[in-house]
Amino acid sequence: IPGGALHWVRTIANIQKRPGSHELVAFLYTQDVHESQIRQNILKRLASENMDYVRYIDLETGLSHLISQNSKVDHPTPEESLPYVTLYQKIVTSYICEEDREPVKVAYSLENILQELEQTPIFTIVYRMEENGKAAQRKQTSFYYLQDDRTKIICVRRDITTAYDVEMHQQKKLERALEEAKQANHAKTDFLSRMSHDIRTPLNGIIGMTHIASQQSNPDRTQ
C-alpha cells in the first residue's frame with residue numbers, strides 16, 4: 001500500500017467454463033485478513049516461547065493490542081486495546097518494584113523503544129515486580145518489529161525468576177570454589193615457606209661449621 005506498509009489480503013479464484021463455449025471464466029474474491037494474519041504471525045513466532053503475555057504496538061494508531069496471555073500470570077496486563085502510553089504508565093505505577101520504577105519508566109517509553117530498535121533488532125528490559133510491597137519476581141520484556149515495514153512492534157514479557165535464581169546459585173558456587181582455591185593456594189605457599197625455612201636452618205649450621213673447620217691448621221684432626 002502507499003508508504004511501503006504491508007497489508008495482508010486473501011484472494012480466491014473460482015474458474016468456471018462459460019456455458020455454450022470452451023472459454024474459461026475466472027471469478028476473483030478478495031478478503032481483508034490483515035489483523036488475523038498479524039495475530040497468526042505473532043503466535044507462530046512465539047509458539048515455543050514461555051511467556052506471560054504478548055502484545056503488539058500499532059505505531060500508526062498508538063494503540064497496544066493483547067494477542068495472548070498466560071492464564072497463570074500473577075500480574076495480568078489489561079485485555080482491551082488501549083493507548084500504549086496509558087498501558088505502560090499503568091504497568092510501571094502498579095506492578096514495578098519501587099527501586100526499578102524510574103529506570104523502567106524511561107526504558108518503557110515509546111520514544112526510547114524506537115531509539116533502541118534503531119541500534120539493535122531486539123530491545124530487552126529486565127526488572128523486578130512487586131508483590132505485597134516486596135520485590136517478588138524478575139521479569140524480562142522484549143520489543144522487536146514484526147515486519148520490515150516497521151509499523152508494528154511486538155512486546156513479549158517472560159518470567160525469568162527461576163532462571164535468575166539458578167544463575168545466582170551457580171555464581172555463588174563459583175565464588176565459593178574460587179575462595180576455596182585461593183585458601184588452598186595460600187596454605188600451600190605457607191607450607192612451602194615454612195619447609196624452606198626448616199631446611200635452610202640446619203643447612204646454614206652445617207655450612208658454617210664446615211667453613212670453620214676449613215680454617216683449622218690441623219687437617220687430619222679437623223677431618
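**Fold, cores and salt bridges of a predicted chain**

The chain exposes about 15,400 Å², of which carbon and sulfur atoms supply 53%; accessible areas come from the Shrake-Rupley method with a 1.4 Å probe, and for residues only the protein chains shown count as cover. The model is a predicted one, in which local features need pLDDT of at least 70 and side-chain atom pairs count only at pLDDT 80 or more, while totals for chains, interfaces and linings use all residues. Residues are numbered from 1 along each chain as its sequence is written, and side-chain values use heavy atoms, with hydrogens and water left out.

Six helices and eight strands make up the secondary structure (DSSP runs numbered from the N terminus, H or I of at least four residues for helices and E of at least two for strands). Their order from the N terminus is β-β-α-β-β-β-α-α-α-β-β-β-α-α. Of the 223 residues, 29% count as buried (under 20% relative accessible area, with exposed meaning over 50% and partly exposed in between; 1.4 Å probe, protein chains only). Among contacts (heavy atoms within 4.5 Å) with a separation of 6 or more, 42% come from residues 24 or more positions apart.

A good place to start is the hairpin formed by β1 and β2, which has six residues between its strands and a positive phi of about 80° at G20 in the turn. The two strands pair in the antiparallel sense over nine bridges (pairing requires at least two DSSP bridges between strands), and K17 has L24 in β2 as its bridge partner. Q16 belongs to β1, residues 9-17, and is partly exposed at 41% relative accessibility. Beyond its neighbours within four places in sequence, Q16 contacts E23, L24, V25 and F27. The C-alpha atoms of Q16 and F27 lie 8.1 Å apart, with eleven residues' separation in sequence. F27, in β2, is partly exposed at 38% and joins I12 and Y29 in a nonpolar surface patch of about 310 Å² (patch residues have over 30% relative accessible area and no salt bridge; like charges are joined within 9 Å, and nonpolar side chains, namely Val, Leu, Ile, Met, Phe, Trp and Tyr, within 5 Å).

Turning to the interior, the largest nonpolar core has 23 residues, of which Y84, Y108 and F143 touch the most other members (a core is a set of buried Ala, Val, Leu, Ile, Met, Phe, Trp, Tyr and Cys residues joined through side-chain atoms within 4.5 Å). Helix α2 gives the most to this core, with five residues. The contacts of F143 outside its sequence neighbourhood of four places include I57, Y84, Y108, I113 and C155. Apart from this core lies another of ten residues, among them I38, I42, V54 and L146.

Seven salt bridges were found in the whole structure (a side-chain nitrogen of Lys or Arg within 4 Å of a carboxyl oxygen of Asp or Glu). One joins E23 and R18 at 3.0 Å, N to O. Another joins K139 and D52 at 2.7 Å, N to O, linking strand β7 to the loop between α1 and β3 across 87 residues; both K139 and D52 are buried. R150 and E118 also pair, with their closest N and O atoms 3.3 Å apart. This pair links the loop between β7 and β8 to helix α4, 32 residues away. Salt bridges that share partners join D52, K139, R157 and D159 into one network.
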